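Here is a set of questions and answers on one protein chain. Keep the fold in view as you read.

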Amino acid sequence: MANTFKVKTSRAVGASVTKIGSYDVPSSTQTTVIGLSLANITASAITVEVDHFSGTTATRIVKDAPIPVGGSLLIGGGDQKIVLEVGHSIRVTSSAASSVDAVMSILEIA
């Protein structure tokens with residue numbers, strides 16, 4: 001089994017649900033999210049939501065989490081890991097247009 005570290009990013013995420021880095025777990029692959037950070041890139045405080053998607057089913061990871069001006073929010077990393085199966089994704093939504101940059105570090109095992 002090959003282990004591959006990767007990073008997936010999405011810039012200027014807004015009020016539409018956005019799949020981070022357009023990433024879905026590929027077939028015959030196990031993925032662990034080892035880090036997920038969101039940065040407020042606007043001049044106003046915002047709130048964000050982060051969801052785990054399995055097909056069309058969304059399970060909330062974070063709801064209405066505030067990020068102050070110039071701030072960031074660490075969703076996963078350290079001891080907190082998120083396991084994804086084939087076809088799963090992580091998606092983010094912001095309370096304001098073009099307001100969040102997202103960086104997701106993953107480990108793929110194929």
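The questions below go through a predicted model, from the whole chain down to single residues.

Q: How many helices and how many strands does the protein chain have?
A: From the N terminus on, the elements run β-β-β-β-β-β-β-β-β. No helix interrupts that series. The count is zero helices and nine strands.

Q: Why does the protein chain count as being as compact as a globular protein of its length?
A: The C-alpha atoms fill a box of roughly 45 × 30 × 20 Å along the principal axes. For 110 residues the globule rule gives 13 Å. The chain comes close to that value, so it is as compact as a globular protein of that length, with a radius of gyration of 14 Å.

Q: Among contacts between residues at least 6 apart in sequence, what share joins residues at least 24 apart?
A: Contact here means heavy atoms within 4.5 Å. Take the contacts between residues at least 6 apart in the protein chain. The share that joins residues at least 24 apart is 79%.

Q: Which strands are the edges of the open sheet of four strands?
A: The sheet has the order β2-β8-β4-β5, with antiparallel pairing. An edge strand pairs on one side only. The edges are β2 (18–19) and β5.

Q: Which residue in the turn of the β4 and β5 hairpin has a positive phi?
A: β4 and β5 pair in the antiparallel sense over eight bridges. Along this pairing, T47 has P66 as its bridge partner, and I46 stands opposite I67. Two residues lie between the strands of the hairpin. The one with a phi of about 70° is G55.

Q: Which strand pairs with β3 over ten bridges?
A: β3 has several antiparallel partners. Three bridges join it to β7, where I82 is the partner of V33. Four bridges join β3 to β6 (residues 72–76), with L38 opposite L73. L38 also has A102 as a bridge partner, and the strand that pairs with β3 over ten bridges is β9.

Q: Which strand supplies the largest share of the largest nonpolar core?
A: This core has 22 residues, and V33, L36, L38, V50, I90 and M104 have the most contacts inside it. β3 (30–40), β4 (46–54), β5 (57–67), β7 (82–84), β8 (88–94) and β9 (100–109) each supply at least two of its residues. The largest share is four residues, and the strand is β9.

Q: Which residue with many core contacts touches both V33 and M104, as well as I20?
A: Leave out residues up to four places away in sequence. The touched residues then include L36, V50, I61, I82 and L84. T18, K19, D51 and H52 are also among them. The residue in question is one of those with the most contacts inside the core, namely I90.

Q: Is I20 buried or exposed?
A: I20 is found in the loop between β2 and β3. Neighbours within four places aside, its contacts include K8, L36, I90, V92, A102 and M104. Buried means under 20% relative accessible area. I20 has 1%, so it is buried.

Q: What distance separates the C-alpha atoms of I20 and E49?
A: I20 and E49 are 29 residues apart along the chain. In space, their C-alpha atoms are separated by 12 Å.

Q: Where is S28, and is it buried or exposed?
A: Most residues other than glycine have a negative phi. S28 is not a glycine, yet its phi is positive, about 55°. It lies in the loop between β2 and β3. The cut-off for exposed is over 50%, and S28 is at 66%, so it counts as exposed.

Q: Which strand holds D64, a residue with positive phi?
A: The phi of D64 is near 50°, and D64 is not a glycine. At 42% relative accessibility, D64 counts as partly exposed. The strand is β5.

Q: Which ring lies under the charged end of R91?
A: A search of the whole structure finds zero aromatic pairs. A charge over a ring does occur, at R91. Its charged end is 4.0 Å from the ring centre, and the ring belongs to F53.

Key
Residues are numbered from 1 along each chain as its sequence is written. This is a predicted model: local features need pLDDT of at least 70, side-chain atom pairs count only at pLDDT 80 or more; totals for chains, interfaces and linings use all residues. Side-chain values use heavy atoms; hydrogens and water are left out. A nonpolar core is a set of buried Ala, Val, Leu, Ile, Met, Phe, Trp, Tyr and Cys residues joined through side-chain atoms within 4.5 Å. Buried means under 20% relative accessible area, exposed over 50%, partly exposed in between (1.4 Å probe, protein chains only). Rings of Phe, Tyr and Trp (its six-membered ring) pair if their centres lie within 6.5 Å; planes under 30 degrees apart count as stacked, over 60 as edge-to-face and the rest as tilted. A charge sits over a ring if NZ of Lys or CZ of Arg is within 6 Å of the ring centre and within 35 degrees of the ring normal. Two strands pair if DSSP finds at least two bridges between them. The radius of gyration is taken over C-alpha atoms; the globule rule is 2.2 Å times the number of residues to the power 0.38.
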